[in-house]
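Here is a friendly walk through one protein model, written for someone who likes cut-offs stated plainly. Please have the viewer open and follow along.

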Amino acid sequence: MTLRLILGDQLGVGISSLKDTSKKNDLILLCEVKTEATYVKHHKKKIAFVFSSMRHFANELRAQGFNVLYTAYDDPQNSGSLLGEVKRALAKTNKTDVVVTEASEYRLRDEMSRWDEQLAATVTVLDDDRFLCNHSAFNDWAEGRKQLRMEYFYRDMRRKYSVLMNDAQPVGGQWNFDAENRKPPKEGLNVPSTFHTTPDAITTEVMALVEQHFPDHFGNLLPFHYAVTREQALAALDSFIETRLQTFGDYQDAMVQGEPWMYHSHISLYINCGLLDPLECIRRAERTYYDGDAPLNSVEGFIRQILGWREYIRGIYWLKMPEYKEANYLNATRALPDFYWTGDTQMNCLRQCVTETKENAYAHHIQRLMVLGNFALIAGIHPDEVNEWFLLVYADAYEWVELPNVTGMALFADGGVVASKPYASSGAYINKMSDYCKSCLYKVAKKNGPEACPFNYLYWDFLTRNREHFAGNPRMGLIYKSYARMSDEKHDAVADDSRRFFKALDSGQAI
């Protein structure tokens, strides 16, 4: 006699809360609630994607003979919270137990830890076994280590699941082919289209609901082409494997104006909400390599993102929360600039990345890290504001994956838990890995002055402001030696340009 609650990022029949379900006696509850849709103002596309996927999943469960209770967002009786909907469901049924798979975000798991006291029912919270490394296994791996580097975790996961392995050795004789995955874009790249679906009646109804109830949320709702069912998500995986995986490795760091999707898979939102299983994606890519249909650098790079980085980031999140959310190692204080919302900036790289994020609820990892995150780092923007922005603008964003990526990788706000050095760079990196600089008002070749690319002088200003944090970092020694060799005039120019830029930025001038 169990009520089984399914959350919006648990949309797979293999979820632990559905195991051993009695189709005769148990009731499955899914609900669209205000607290989850608005704790940050999620991108309109994300809300439409999640709600439509939930509704399709509910229909899939019904077709398999499960009893399903579904609360739509605009139901007049909707209490607006998960707890309220569970109370309502218990009040109108004879259920005495509640079963739910653990929430993926700390705030919700913390809330659920008190449900036993608030509900007239026994609440059982199950482990989320969709992940390939559970909490205790990650904690065991981390215990006693001075540094928690992803590379060594990844190697252990490769061994555990025997992925791209020849007995005890990695296929190809090395664990990581990242050095082969940094080719800059070249003329004439033929980028295949990403996977598209046409909204059906359910999705169309959800889109109308989003326009009505979330008009002030960030982002463009149209066009909408994301998969919203498992069948469609599998087709999206097939599309990537067949049309883009072969070239993914070479150009996974490349950025091209007018090509927001590049050769990436665009399946993280499907994995994170449960439509795809991470291990099935890994095995599919691995099989493609063994069949001779994709090179090792592409397949290993794709697998590393899932088996390595995704699992590692989730482990860091739960290991370090809740204190991790407060981390601000560099004492950054600046407010997030308005152009992160509007794209209204003369820095073309930022304009492109913000505009594409607004249009698609998507940007690939180098756009997020080395353009959007890099600017936030060297400009000293407060981690709270950067984290909120990243959490609400992307369709694949949940705090467990967003927070360590932003606080740890992009902002170095955790003081080196995730990254061994800050991912700060001048305009030279962006120029190498993109064609953005060709269409920019600023000149990437200029290091100082009003026409200079702001990344150039802000990079050195960032290093100067944070010398006490990085001077002893062995990976930063050569950089500070280069700064020391610069003339006093160069140092003064960096300081003057940075003051001028920040004055304009803080006063709301166009920059």
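Leaving aside its neighbours within four places in sequence, which residues is Thr407 in contact with? They are Tyr324, Ala327, Asn387, Phe412, Ala413 and Asp414, where contact means heavy atoms within 4.5 Å.

Before going further, a word on the ground rules. This is a predicted model, in which local features need pLDDT of at least 70 and side-chain atom pairs count only at pLDDT 80 or more, while totals for chains, interfaces and linings use all residues. Residues are numbered from 1 along each chain as its sequence is written, and side-chain values use heavy atoms, with hydrogens and water left out.

**Helix H18 and its cover**

Thr407 lies in helix H18; helices (H or I, at least four residues) and strands (E, at least two) are DSSP runs, numbered from the N terminus. At 1% relative accessibility, Thr407 counts as buried. Here buried means under 20% relative accessible area, exposed means over 50%, and partly exposed is in between, with a 1.4 Å probe and protein chains only. Thr407 has plenty of company: eleven of the twelve residues of H18 (residues 399-410) are buried, so this helix is largely enclosed by the rest of the structure. Among those buried residues are Trp400, Leu403, Pro404 and Met409. Their cover includes helix H4 (106-112), helix H11 (268-273), H13, helix H16 (365-379) and helix H17 (383-393). Just after H18, Phe412 takes a positive phi of about 50 degrees.

**The whole protein**

The protein has 23 helices and seven strands. Its radius of gyration is 24 Å, close to the 24 Å that the globule rule gives for 511 residues, so the protein is as compact as a globular protein of that length. That radius is taken over C-alpha atoms, and the globule rule is 2.2 Å times the number of residues to the power 0.38. Along the principal axes, the C-alpha trace spans about 80 × 55 × 50 Å. Buried residues make up 58% of the 511 residues. Of the contacts between residues at least 6 apart in sequence, 77% join residues at least 24 apart. The protein exposes about 21200 Å², and carbon and sulfur atoms supply 49% of that; accessible areas come from the Shrake-Rupley method with a 1.4 Å probe, and for residues only the protein chains shown count as cover.

**Nonpolar cores**

In soluble globular proteins, nonpolar side chains tend to be buried together. A nonpolar core here is a set of buried Ala, Val, Leu, Ile, Met, Phe, Trp, Tyr and Cys residues joined through side-chain atoms within 4.5 Å. The largest one has 161 residues, and those with the most contacts inside it are Leu30, Tyr270 and Phe375. Helix H13 (residues 296-320) gives the most to this core, with eleven residues. A second, separate core of 21 residues includes Leu83, Val100, Leu119 and Ala121.

**Strand S4 and its partners**

Val100 also has a place in the strand pairing, since its bridge partner in S5 is Val125. Two strands pair if DSSP finds at least two bridges between them. S4 pairs in the parallel sense with strand S5 (residues 122-126) over five bridges, and strand S1 (residues 2-5) pairs with S4 in the parallel sense over four. On that side, Arg4 stands opposite Val99. Four of the five residues of S4 (residues 97-101) are buried, so this strand is largely enclosed by the rest of the structure.

**Two loop residues**

His266 is found in the loop between helix H10 (245-251) and H11, and with a relative accessible area of 7% this histidine is buried. Ser79 sits in the loop between strand S3 (68-71) and helix H3 (82-91); this serine is partly exposed, at 41%. The table lists polar atom pairs of both side chains; a polar contact is a pair of N or O atoms within 3.5 Å, where within protein one must be able to donate a hydrogen and the other to accept it, and residues adjacent in sequence count only if both atoms are side-chain atoms.

| Side chain | Partner | Distance |
|---|---|---|
| His266 | Thr194 side chain | 2.7 Å |
| His266 | Arg244 side chain | 3.5 Å |
| Ser79 | Ser81 backbone oxygen | 3.4 Å |

Leaving aside neighbours within four places in sequence, His266 is also in contact with Trp261 and Tyr362, while Ser79 is in contact with Gly84 and Glu85.
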